[in-house]
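Visitor: Got a minute to walk through this one with me? Let's pull it up.

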Amino acid sequence: MLKHMSQFNLKYAEGDPEWEGLLQMMWERVSALPEAKEVRLYRQINPANPFDYCIEVTLPEDDPACLERYLNNPAHDLFCKEVWEKYVANQLDLNIASLF
């Protein structure tokens, strides 16, 4: 199983007007991408981790080509331009495949 995960911090703090509804909107936009089989959004609870949130996208195929289709999908590019670049301060991406 392949997963694309991004740990990230937002440019806006919880409670700011820009923050309201932002995480829900991000989840909805990513969930609508054709290659996104399952999408989960997490809040970081480890104080040693510098990131506040993590979005996890499970891809439907255990094939690196599926990851490439997801990352190069025009809808994904649009999401990155309209949402990610506007609201995300910093990030760390993980592209992982299960061993067992």
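Visitor: How many disulfides does a search of the whole structure find?

Guide: It finds 0 disulfides. Keep in mind that this is a predicted model.

Visitor: Why is Cys-54 not in a bond?

Guide: The closest cysteine sulfur is too far off for a bond. That sulfur belongs to Cys-80, and it sits 15 Å from the sulfur of Cys-54. A disulfide needs the two sulfur atoms within 2.5 Å.

Visitor: And what about Cys-66, how far away is its nearest cysteine sulfur?

Guide: It is 16 Å away, again in Cys-80. Cys-66 is in no disulfide.

Visitor: Is Cys-66 buried or exposed?

Guide: Buried, at 1% relative accessibility. Cys-54 counts as buried too, at 11%.

Visitor: Switching topic. Where is Asn-9 found?

Guide: Asn-9 is in strand 1, which covers residues 2–10. Its relative accessible area is 12%, so Asn-9 is buried.

Visitor: Which side chain does the side chain of Asn-9 make a polar contact with?

Guide: That of Asn-90, at 2.9 Å.

Visitor: What else does Asn-9 touch?

Guide: Leaving out residues up to four places away in sequence, its contacts include Pro-50, Phe-51 and Asp-52. Tyr-87, Val-88 and Ala-89 are also among them.

Visitor: Now the surface. Which residues make the nonpolar patch?

Guide: Leu-92, Leu-94 and Ile-96 make a nonpolar surface patch of about 220 Å².

Visitor: Where is Leu-94 placed?

Guide: In strand 4, residues 88–97. Leu-94 is partly exposed, with a relative accessible area of 31%. Patch residues need over 30%, so Leu-94 meets that cut-off.

How values were computed:
Residues are numbered from 1 along each chain as its sequence is written. This is a predicted model: local features need pLDDT of at least 70, side-chain atom pairs count only at pLDDT 80 or more; totals for chains, interfaces and linings use all residues. Side-chain values use heavy atoms; hydrogens and water are left out. Patches are made of residues with over 30% relative accessible area and no salt bridge: like charges are joined within 9 Å, nonpolar side chains (Val, Leu, Ile, Met, Phe, Trp, Tyr) within 5 Å. Accessible areas come from the Shrake-Rupley method with a 1.4 Å probe; for residues, only the protein chains shown count as cover. A salt bridge is a side-chain nitrogen of Lys or Arg within 4 Å of a carboxyl oxygen of Asp or Glu. Helices (H or I, at least four residues) and strands (E, at least two) are DSSP runs, numbered from the N terminus. Buried means under 20% relative accessible area, exposed over 50%, partly exposed in between (1.4 Å probe, protein chains only). A polar contact is a pair of N or O atoms within 3.5 Å; within protein, one must be able to donate a hydrogen and the other to accept it, and residues adjacent in sequence count only if both atoms are side-chain atoms. Contact means heavy atoms within 4.5 Å.
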